[in-house]
Every structure is written in structure tokens, then in C-alpha cells.
Amino acid sequence: MALFDRLKEGLSKSRETMNEIFYLGGQVDDEFWEDLEDTLVMGDMGAEVAFQVTDDLREQAARENLTRADQIREALATRIASEFTPKTWDPFVYLPSCVLFVGINGAGKTTTVGKLANVAHNQGVKCLIGGADTFRAAAIEQLEVWAQRAGIEMITRARGADPASVCFEVLERAEKSGAQLLLIDTAGRLHTSSDLMSELGKVVRVTRKRSGMPVYVVLVVDATTGQNGLNQAKEFNDALDLDGVIITKLDGTAKGGIAVAISHELKLPILRIGVGEGIEDLQKFDAKDFARALVGEAEGK
Ligand SMILES: Nc1nc2c(ncn2[C@@H]2O[C@H](COP(=O)(O)OP(=O)(O)OP(=O)(O)O)[C@@H](O)[C@H]2O)c(=O)[nH]1
Ligand SMILES: [Mg+2]
């Protein structure tokens, strides 16, 4: 299963400490449960979820007489998977759809737009990219590179232009060209900056008003920011009433558990995950696969 292997490779750092508990002692004793709880907390799943998961598993182990650590592994994956808010729809599949990508600076918004545009294009979906990050000139150029790579039309305005005007033009162009999937990149901003957050709120509102197709707001979160990612998600959700989340940079971080914390606490689905910088490194999210990649598999060990 190539896709799962890539995910596993991406999450290998998150799994390292998990492997230690499961491989070393082998016995399920008090120390094992303490280590497990600590590991879950340190993996940024959030203390509340970590305690609950550990308690539930401990009960299950007693009930089912599970005495070896490797027997716990699959149960742990199932339990973690159940913490995710399920995805009942997909804005990149159910079309037409206009998606605004928001998040703090460097989270991976532009890269994610490029990757998604490439996937849509390869599937024959008529797609349009909007460069509403008019804050930095380099941002427009960066997005242009992705648009060209994916072979997709891009709409933007000069640096300093009103981002809402870019959104309007994207909608107008889509009405003429029949584009079904509109991916709009916005400027990164700190969740703590109330001016920039309310500016974004305005962009979303006027875009919704103008649009004939549903408009969704998707937060892009860099997994390496750990617990701060949860704060970002809370603030962005309060300001913009998010529809879903994409977690990037899950490769090379031990903080993969943050995906669980965000989805669980904010009741938001994880729509995609980024596991590398390349155009192919964006995956659909499957809670069970993700949880198994996070805790590792028991077989053959
Ligand atoms: N390893 C890894 N790097 C990623 C991933 N997604 C994005 N990046 C890298 O993260 C850096 C920032 O990505 P951008 O897409 O420019 O982030 P942004 O949110 O658009 O940033 P601003 O426009 O400055 O707010 C780039 O170097 C990307 O290559 C990922 O899933 N894994
Ligand atoms: Mg950007």
C-alpha cells in the first residue's frame, strides 16, 4: 500500500517514542501506562485526549486480558482514530466549490494550493487559482510558479491591491470559463493580530456574497508548531467559522498528534495532510491510516 507507506514514512518521527514503549518492555504494567500517557501528551495530542485515551485503553486491556504491549497497539490506533471529527464532505471533490486558504505565515498555504491544483488538473477538473496574497510581491511569483507547474490559469492583482478584488475577479472569470474548483491563496497572518483577522473576515464575507457557488474557508496548519497550532486553529475558527483543516509538514516532526487535538477540539474535519514539499506530497486523510501510522503496526514485531 504505497500511500500508507508514504504516510508512515512521513510520520516516522512522531512514531519514534511510541516504538520505544511498544518494543522495549513488552509487558503491560503501570509503567507502560504512564509511559504511554506521557508519550501521547508529548506528541501534542493534548492532555485531555491523552488521559482519556489511556484510561479507556487501560479498562479495555483489563477487560480483554491484554497483557502484552503489542496487543495494545491496534486498540490504541482504533481509539485515536475515533477522536477525529469525521469528514462528511470534501470541498475539493464536491463541485463547484470556491475555497479560501488561510493560516499564519509560512504554514504552507501557497504550496498546498499548488498541490491541490495539480491533483485537480490531473483528474480533468477545471480549476482556477486566485492569488489574493497581495501583501508580498514574492508571494504572487511563488504562486505563479505552482500554477505554471500544474498548467492552470491564475488570477491575481498587483502588490497592495485589495484581496477581495482578486476574489471577485476569480469568481467572474470562473463564470465565463466554467471553472468548477476555485483555489484562493491569502496572505499569512498571525492569529493574534485582530486587524488582519478582521480584514480576512471581510474578504470571506464579501466573497460569499458575490459568489454563486459555495465558499469554504480552510485553515492550513504547520504541524511542527505543535500546541501553538491548536491556538491558531481556535482563533481562526472564532474569526472565520472554518470548514476544515489541512495539516502540513507532518514529515519530519514528532508533533503529529496535533492533528488529533485540532480535529477533536474544534470539531473540524482534516481534509488533507502534507507530508513533503513536492507536488505529490499531499494526501487524502484517513483517520485509521493516520492513527496506525502514528502508533505503528504490531505485525512482524
Ligand atoms: N516538509 C514540508 N514542507 C512543506 C510542506 N508544505 C509546505 N512546506 C514548505 O513550507 C514552506 C512555506 O510554505 P508556503 O506554501 O510558502 O507557506 P505559506 O503559508 O504560503 O506562507 P506565507 O505566504 O508566507 O504566509 C515552503 O518552504 C514549503 O516548501 C509539507 O507538507 N512538508
Ligand atoms: Mg503563501
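How far is an oxygen atom of ligand 1 from an N or O atom in the side chain of E277? The distance is 2.6 Å. Keep in mind that this is a predicted model, and let's have a look around.

## Where the ligand sits

Start with E277, whose side chain has an N or O atom 2.6 Å from an oxygen atom of ligand 1. Once you've found that spot, check how wrapped up the ligand is: on its own, ligand 1 has 650 Å² of accessible area, and the protein covers 81% of that. As for its home, ligand 1 sits in the largest pocket.

Two other contacts are worth finding on screen. The side chain of D251 has an N or O atom 2.7 Å from a nitrogen atom of ligand 1. With G188, it's the backbone that takes part: one of its N or O atoms lies 3.4 Å from an oxygen atom of the ligand.

## Who surrounds it

There are 20 residues around ligand 1, and the ones that come nearest are K109, T110, T111, D251 and E277. What is the make-up of the shell, split into nonpolar, polar and charged residues? You get three nonpolar, 10 polar and seven charged.

Now look for helix α6, which runs through residues 109-122. That helix gives four residues to the shell around ligand 1, the largest share.

## A buried threonine in a loop

T253 belongs to the loop that links β6 (244-248) and α11 (258-266). Is T253 buried or exposed? Its relative accessibility is 4%, so T253 counts as buried; the cut-off for that label is under 20%. The T253 side chain also has a partner, since you can follow it to the backbone nitrogen of K255, 2.9 Å away.

## Backbone oddities

Time for some backbone angles. The peptide bond that goes from L95 to P96 is cis, and its omega is near 5°. You'll find P96 in the loop between α5 (69-81) and β1 (97-102).

Next, pick out D44 and K267. D44 isn't a glycine, yet its phi is positive, near 70°. K267 isn't a glycine either, and its phi is positive too, at about 55°. D44 sits in the loop between α3 (30-42) and α4 (47-64), while K267 is in the loop between α11 and β7 (270-274). What about exposure? D44 has a relative accessible area of 7%, so it is buried. K267 has a relative accessibility of 57%, so it counts as exposed.

## Far along the chain, but how far in space?

Strand β5 covers residues 215-222, and V217 is part of it. With a relative accessibility of 0%, V217 counts as buried. What separation do the C-alpha atoms of V217 and V99 have? They are 5.8 Å apart, although 118 residues separate the two along the chain.

You can try the same with Q148, which is in helix α7 (residues 137-150). Q148 has 63% relative accessibility, so it counts as exposed; the cut-off here is over 50%. Its C-alpha atom is 9.3 Å from that of G114, with the two residues 34 apart along the chain.

Note on methods:
Residues numbered from 1 in each chain as written. Chains lettered and ligands numbered in written order. Predicted model: local features only at pLDDT ≥ 70, side-chain atom pairs only at ≥ 80, totals over all residues. Heavy atoms only, no water. Helix = DSSP H or I, 4+ residues; strand = E, 2+ residues; numbered from the N terminus. Buried < 20%, exposed > 50% of the residue type's maximum accessible area, 1.4 Å probe, protein only. Near = heavy atom within 4 Å. Polar contact = N/O pair within 3.5 Å; in protein donor to acceptor, adjacent residues only side chain to side chain. Areas by Shrake-Rupley, 256 points an atom, 1.4 Å probe, with all protein chains shown as cover. 1 Å grid on protein atoms, 1.4 Å probe; cavity = no way out; pocket = protein on both sides within 12 Å on 5 of 7 lines; lining within 4 Å. Sits in = over half its atoms within 2 Å of the grid points. Nonpolar A, V, L, I, M, F, W, Y, C, P; charged D, E, K, R; others polar.
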